[in-house]
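Student: Could you take a close look at one part of this protein and then set that part in the context of the whole chain? I would prefer a connected account.

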Amino acid sequence: MQTKVFLNEKDIPKKWYNIAADLPTPLQPPLGPDGNPVSPDMLAPVFPMNLIEQEVSQKRWIDIPQGVLEILYRWRPSPLHRAHFLEKALGTPARIYYKNESVSPAGSHKPNTAVAQAWYNKEFGIKKLTTETGAGQWGSALAFACGLIGLECKVFMVRISFEQKPMRKVMMQTWGATCIPSPSPETKAGRDVLAAHPDTPGSLGIAISEAVEAAVTDTTGETRYSLGSVLNHVLLHQTIIGQEAKQQLKMFGEKKVDIVIGCAGGGSNFAGISFPFVSDKINGKNIEVIPVEPTSCPTLTKGPFIYDHGDIAKMTPLLPMHSLGHSFVPAPIHSGGLRYHGMAPLVSQCVVEGLMTPMAIPQTECFRAALIFAKTEGLIIAPETSHAVAAVIRKAKEAKEEGKEKVILFNLSGHGLMDLYGYDLFLQNKLVDHELHQDDVNEALAELKDLPKPSLSKTGKW
Ligand SMILES: Cc1ncc(COP(=O)(O)O)c(C=O)c1O
């Protein structure tokens, strides 16, 4: 009984896969405040030009620099496991596989792009990076990458997560970074929010505003901002996950995959596992591709596809994406990394096209799924990841009812060893579900009514 397969280091993918080259309906450009497309030069105070080039690239395959690979080898290729024990507990005929991204030093998929981004910034002569973090996974990942590569790093951590997961700050400090709760008095964006809502739990939208402001107001010109999800280049760096998984599924003897699942906050781990398979779907394969989100932050299932800002202070360009509105502050659920009002434009465009079928699940069902996973497969997963597992369990039960031997692949995006406070509350029966009603969504969206609208056109093939 094969339980997991490893790839040799020499078989690590040497290129990232850029789905922008293959989208049936092209990605629409980000827009500036005047409604015109943003030029690469306009992004230059925020990101180094080598990453901006990746952001706008239409090349299908982009070489991974040797310097990046040498760091990724510390934990990559990551193992692909067959979830025999979960299958047995569910009595399902489905074969369930998971890509274990929790084996990275920071504990999630986030270092795949943190290393690449820190490396490109260093190449460009940048000395310091600023960023936001929700659950703390991204902040830890960037702290780790900057520590290895030799950059300063400052992290604005969403206040509710800062309080729920204090040890994440210690991880960041151990790698040499600074971590402060957001909103903070250090930036204008933070001060404005604190003045209006002193007790706010914070949000990714607020923390992004603070981190961007901290980068662009550094007059030395040696600081840039780094984003852990949403943007094209971030998703690109994660495609190493799905490419490895493809090779490993073959090693397990699988000829096809029926369902690919990942949790979706800004969309990066989900894109990482799924885009190489979406490429197969575009080319005729029949694969169900499911991004999973919380019912309390249902960006893809209840948010329209619109142009919206990525942050509360409207410092980012307008992105064509599914959104609940940039001023939307999600309920303080324990999946901090899924509390984001928007979604990656690349994922959003695939949803518009019908290539993906999003699903929203309440947090108590997710924690129940996490407990089943811990008691069968053994791993204590991140609350974000538990959304993927809850969807897998739904699909595996469906396969049982239908009597079908489906092959299900999901991304285990991170471990939950820094998230035990959430587990504790769940075990004490203190967690509640938050259902967001369409009326509340409409309220947050009302202020966007005068913004430009992206085209909703699609080929109609899926
Ligand atoms: C373990 C884990 N999974 C998933 C996510 C969601 O982010 P993304 O949608 O970019 O993968 C996060 C974000 O912090 C995370 O920490």
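Tutor: The account below begins with one sheet and the helix on it, and then turns to the rest of the chain.

The model is a predicted one. The part chosen for the close look is the open sheet of 7 strands, whose order is E1-E4-E5-E15-E10-E11-E14 and whose pairing is mixed. Its edges are formed by strand E1 (4-5) and strand E14 (359-361); each has a single partner strand, so one side of each is left without a neighbour in the sheet. Within this sheet, strand E5 (residues 95-100) and strand E15 (residues 407-412) run parallel and are joined by 6 bridges. One residue pair serves to place the register: arginine 95 has valine 407 in E15 as its bridge partner.

Helix H17 packs on this sheet, where it touches E5, strand E10 (259-263), strand E11 (288-294), E14 and E15. The direction of H17 makes about 150° with that of E10. Helix H17 covers residues 383-402, and lysine 400 lies in it. How buried or exposed is lysine 400? The count of other C-beta atoms within 10 Å of lysine 400 is 16; a residue is buried at 20 or more and exposed at 12 or fewer, so lysine 400 is partly exposed. Apart from neighbours within four places in sequence, the contacts of lysine 400 are with Leu90, Gly91, Thr92 and Pro93. For one of these, glycine 91, the C-alpha atom is separated from that of lysine 400 by 7.3 Å, although the two residues are 309 residues apart along the chain.

Helix H17 also leads to the ligand. H17 is one of the elements that give two or more residues to the shell around the ligand, together with helix H6 (137-149) and helix H13 (268-282). The largest share, 3 residues, comes from H13. In total, 21 residues surround the ligand, and the closest are Gln137, Ser229, Gly265, Gly337 and Gly414. By residue class, the shell holds 7 nonpolar, 13 polar and 1 charged; glycine is counted among the polar residues in this division.

A second open sheet can be set beside the one described above. This sheet has 4 strands in the order E8-E7-E6-E9, and its pairing is parallel. Strand E8 (178-182) and strand E9 (223-225) are its edge strands, each pairing on one side only. From one strand to the next, the twist averages 20°. Strand E6 (residues 128-133) and strand E7 (residues 152-158) run parallel and are connected by 6 bridges. Threonine 133 has methionine 157 of E7 opposite it.

Some backbone details in the loops deserve separate mention. Most peptide bonds are trans, and most residues other than glycine have a negative phi. Against that background, the bond between arginine 76 and proline 77 is a cis peptide bond, with omega about -15°. Proline 77 belongs to the loop between helix H3 (66-72) and strand E4 (80-82). A cis peptide bond also runs from serine 182 to proline 183, with omega near 5°. The loop that holds proline 183 lies between E8 and helix H9 (188-196).

Two residues other than glycine carry a positive phi here: that of lysine 314 is near 60°, and that of asparagine 429 is near 65°. Lysine 314 is located in the loop between strand E12 (305-309) and strand E13 (318-322), and it is partly exposed because its C-beta neighbours inside 10 Å number 16. Asparagine 429 sits in the loop between helix H18 (420-427) and helix H19 (438-446). With 8 C-beta neighbours inside 10 Å, asparagine 429 counts as exposed.

The whole chain completes the picture. The protein has 19 helices and 15 strands, and its C-alpha trace spans about 60 × 50 × 50 Å along the principal axes. For 462 residues, a compact globule would have a radius of gyration near 23 Å, and the 20 Å of this protein agrees with that. Buried residues account for 57% of the 462 residues. Of the contacts with a separation of 6 or more, 77% are between residues 24 or more positions apart. The contact between lysine 400 and Gly91, at 309 residues apart along the chain, is one example of such a long-range pair.

Conventions: Residues numbered from 1 in each chain as written. Predicted model: local features only at pLDDT ≥ 70, side-chain atom pairs only at ≥ 80, totals over all residues. Pairing = 2+ DSSP bridges. Axes fitted to C-alpha atoms, helices over the stretch in contact; angles between N-to-C directions. Near = placed C-beta within 6 Å. Rg over C-alpha atoms; globule rule 2.2 N^0.38 Å. Contact = placed C-beta atoms within 7 Å.
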